[in-house]
Amino acid sequence: MNKNNTQIERYQKLIEYLESKFKTDITSEDIEDVSFYSYRNINRIFAALQHETIGQFIKRKRLEKAAEFLKYSEEEISDIALDIGYKDLAAFSKAFKKHFNCSPSKYRNSQHIQQEITTIILQEQKENTTKTLSFAIEYLPRLKILYLQYKGSYEDIHGIETTWNSLIKYAFKKKLLSDETILLGEILDDDDITDTLQCRYNAGIILEDHQDFDTKGFFGIKEIPAQKYVKFIHKGSHESCYETYTNIYARWMQDVQLEFADQATLEFYVNDENTTPKEELITEIYIPIV
């Protein structure tokens, strides 16, 4: 393994560590133990690649997670602050207001108002059509995937397609592709909360347990834990998925009435988009629930 690959792996391990531990108190010693760099040097590398320091990354992740709870749950603001690592409610409120330009309570109220307006619009549309929001509850087992991460706006279809092309090319070289290969997307951020430059999407293929090998560069292998989901079906182009998501979230409280789980949303791509017309493409959307 060359030096560059070793450095990339150490950086990826640090990202994975921060993603899993950002709610806790992370020390500079913890960072050094994970990355095998001095804190000063890894912070410079991190800032160059992420466009923010490690401290800024942790703070942003905490506040975005708080916004997610405010948007999708009725949990008390003080409990949310404690859950994401703020022991002082005043400090949390100050940091949240600085990041989102409004207080946590005002943010929650604005999200509720927006959802109510969207619900009214959709309800009016529903009265003029027989189409209903259909879904199923499914439990997915642990999934092992080979993935490549895209970072940026979810509306940048070309950028996401480029990521997929790189992943498929890599998987082909590794002889991992067959007619039974399952393709999935892992949506890690809410673009209504996270800055579009920081939104992450993992293009992935499901691996069998016996398929184990060393990855290089920014390709990785990870496990998605077993989880219960609400499954929806989107028919049409990937670009039009946004309309389906809007419909789902606007009618969630009324039609679904289940509590979101703190996990990533998954998309399974049923058709081969190279041989299927865009209007006939099927995407299975799995939203995690408690």
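In this predicted model, the charged end of R10 sits over the ring of Y37, 4.1 Å from the ring centre. A second contact of this kind involves K222, whose charged end sits over the ring of Y147 at 5.8 Å from its centre.

Rings also meet other rings. Searching the whole structure turns up 16 aromatic pairs. Take F135 and F232: their ring centres are 5.9 Å apart and the planes make an angle of 50°, so this pair counts as tilted, falling between the under-30 range for stacked rings and the over-60 range for edge-to-face ones. In sequence terms the pair links distant parts of the chain, 97 residues apart. F135 belongs to the loop between α7 (104-127) and β1 (136-140), while F232 is part of strand β6 (residues 227-235). The two partners also differ in burial. F135 has a relative accessible area of 33%, so it is classed as partly exposed, whereas F232, at 2%, is buried.

Strand β6 supplies another ring as well, that of Y229. Y229 pairs with Y286 at 5.7 Å centre to centre, with 85° between the planes, and this pair is edge-to-face. Y286 lies in strand β8 (residues 282-288), so the pair ties together parts that are 57 residues apart in sequence. Here both partners are tucked away: Y229 is buried with a relative accessible area of 2%, and Y286 counts as buried too, because its relative accessibility of 4% is under the 20% cut-off.

Elsewhere, ring pairs join up into a cluster made of Y86, F92, F96, F100 and Y107. Three of these names, F92, F96 and F100, come back in the packing of helix α6 against helix α4.

Now for that helix pair. Two packed helices are described by the angle between their axes and by the distance between those axes. For α4 (residues 54-72) and α6 (residues 89-100), the axes come within 10 Å and cross at roughly 90°. That angle falls in the 65 to 115 degree window, so the two helices are roughly perpendicular to each other. On the α4 side, the contact is made by K59, R60, L63, E64, A66, A67 and L70. Facing them from α6 are F92, A95, F96, H99 and F100. By residue type, the contact divides into eight nonpolar, one polar and three charged residues. The charged ones are K59, R60 and E64, all in α4, and the polar one is H99 in α6.

Terms used: Residues numbered from 1 in each chain as written. Predicted model: local features only at pLDDT ≥ 70, side-chain atom pairs only at ≥ 80, totals over all residues. Heavy atoms only, no water. Phe/Tyr/Trp six-rings, centres within 6.5 Å; stacked < 30°, edge-to-face > 60°. Helix = DSSP H or I, 4+ residues; strand = E, 2+ residues; numbered from the N terminus. Buried < 20%, exposed > 50% of the residue type's maximum accessible area, 1.4 Å probe, protein only. Lys NZ or Arg CZ within 6 Å of the ring centre and 35° of its normal. Axes fitted to C-alpha atoms, helices over the stretch in contact; angles between N-to-C directions. Parallel < 35°, antiparallel > 145°, perpendicular 65-115°, else oblique. Contact = heavy atoms within 4.5 Å.
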